[in-house]
Amino acid sequence: MNSKSTFNSLDSALLYKGDLLKRMFFTLIALICYRLGTYVPIPGINLDIISDVFPKEGSGVFGVFNFFSGGALARMTILALSVMPYIVASIVMQLLSSAIKGINEVKNDGELGRRKMNSYIRYMTIVFCVFQSITILIGLERMNKEGVLIVIEPGLMFRTVGVFSLLGGTMFLMWLGEQISANGIGNGISLIIFTGIISELHSAFSSLLTLNKSGNISLFIILFILAVFFLLLLLVIFVESSYRKVIVQYPKKQFKKLHSDDFTYIPLKINLSGVIPTIFANAILLTPISIANFYKGYAFSDFVLNYFMTNKVVYIVAYLAFIIFFNFFYTNFIFNPEENANFLKKNGGFIPGKRPGKHTSDYLQDIVFKLTFIGSTYLVVICAVPEVIRYYYDIPFIFGGTSLLIIVNVVTDTIMQIQSYIFSNRYDSWIKKYESKTRKLR
């Protein structure tokens, strides 16, 4: 009997380890497909001069946008828009859900409501993607290198094929992200952005070394910049792994069935909204600026490029203001103190010293507001320091605060999902062992 149970436990362990390896292998293959897609050019692009018009180490907003697309924008490939239209559509839908009662009711309608919201986001993604594609393609037709056009044959055919290529690329990334989330490990969209950032890090570092060789920046400044970003990375890791414990107490006769103590706690992260505020801020600011780059000479484009470039004070102030706004907005969106207070009341739980109901809700609201304020300060520091360095030293180093947050959060979230997946499979094997022993005793 002992050898049989040992064999069964070994067999179950091999099964879940094999399944985990399959999921990790699927994620790796999917991300490789994404990277291969960033080298498929839009039909009709003159590949001989594209690298001269859009250098990989370009500074400013183009460099930042190219950084998040994994270099696809500089190569003008079918994945040049990356998942930015999807992110913008998600922002708009969340704003509309908080402002329009009908959309909010759909969102709160359980699984069916979630599917409807996802459908609305997809439709809106198509609209944003078509709009951005048309503006970029028309702008490409106007660009040239010493009289040689970047588009081989400008016209309706190029625009039509280009729109469908960019739209298909974005839809492919959305589908790929969903497949990774369902059949792989980690959040698919986040892993795609993460892969794009990691793949372009070598360009950011090589640009610094190039500036040093040309004498535009000293080795001391490079070491200083690297030290600052290393310290920021440590700060991000510390804050993202920190949380505030809110003690919750239960009646002993109910709670002793599960634990020896009569209390538990609600873990509230210091940065409840994660990387979302910085992504929102980047999406809102970088989209019009990137479009303005293709239409230089027009009044609106010149205004945007003169005052809202990434090395301008106005851009930095607007960027930080958007981060603070979206941090408070999104935190309020994902954490409802009243709902949590009602949930505790229904389950017989209470916060020591606070009466159930409104007093508990107000207490949670006060804690969340303080945490959001601290989190906003933290996000401002993380995102402002790279911008200030870029402003003073005018370097094309685009590894900013958003990138740090994405890298740390994605790595942490993926590791936690792997751990939870392993634990859940072990838990299932424990349940099966317990059931088999119970049957034998009967």
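Helix H18 gives the largest share of the lining of the largest pocket, seven residues, and I should say at once that what we are looking at is a predicted model. The other helices that each give two or more residues to that lining are H5, H7, H8, H9, H13 and H15, with H18 itself running over 401-441.

The pocket holds about 1400 Å³ of space, and 40 residues line it, with Asn187, Ile189, Ser190, Ile276 and Tyr330 lying nearest its centre. If we sort that lining by class, we find 18 nonpolar residues, 15 polar ones and seven that are charged.

Let me turn from the pocket to a residue in one of these helices, Ser133, which is placed in helix H7. Is Ser133 buried or exposed? Ser133 is buried, since its relative accessible area is 0%, against a cut-off of under 20%. Once its neighbours within four places in sequence are left aside, Ser133 is in contact with Leu81, Val163, Leu166 and Leu167.

My last topic is backbone geometry in the loop between H4 and H5, where we find both Met76 and Ser82. Met76 has a positive phi of about 50°, although Met76 is not a glycine, and Ser82, likewise a residue other than glycine, has a positive phi near 55°. As for accessibility, Met76 is buried, with a relative accessible area of 1%, while Ser82 also counts as buried, at 3% relative accessibility.

Key
Residues are numbered from 1 along each chain as its sequence is written. This is a predicted model: local features need pLDDT of at least 70, side-chain atom pairs count only at pLDDT 80 or more; totals for chains, interfaces and linings use all residues. Side-chain values use heavy atoms; hydrogens and water are left out. On a 1 Å grid over the protein atoms alone, a cavity is a set of points where a 1.4 Å probe fits but cannot get out, and a pocket is an open set with protein on both sides within 12 Å along at least five of seven lines; lining residues have an atom within 4 Å of a point. Grid points are joined across faces, edges and corners, and a volume is the space filled by probe spheres set on the points. Helices (H or I, at least four residues) and strands (E, at least two) are DSSP runs, numbered from the N terminus. Ala, Val, Leu, Ile, Met, Phe, Trp, Tyr, Cys and Pro count as nonpolar, Asp, Glu, Lys and Arg as charged, and the others, Gly among them, as polar. Buried means under 20% relative accessible area, exposed over 50%, partly exposed in between (1.4 Å probe, protein chains only). Contact means heavy atoms within 4.5 Å.
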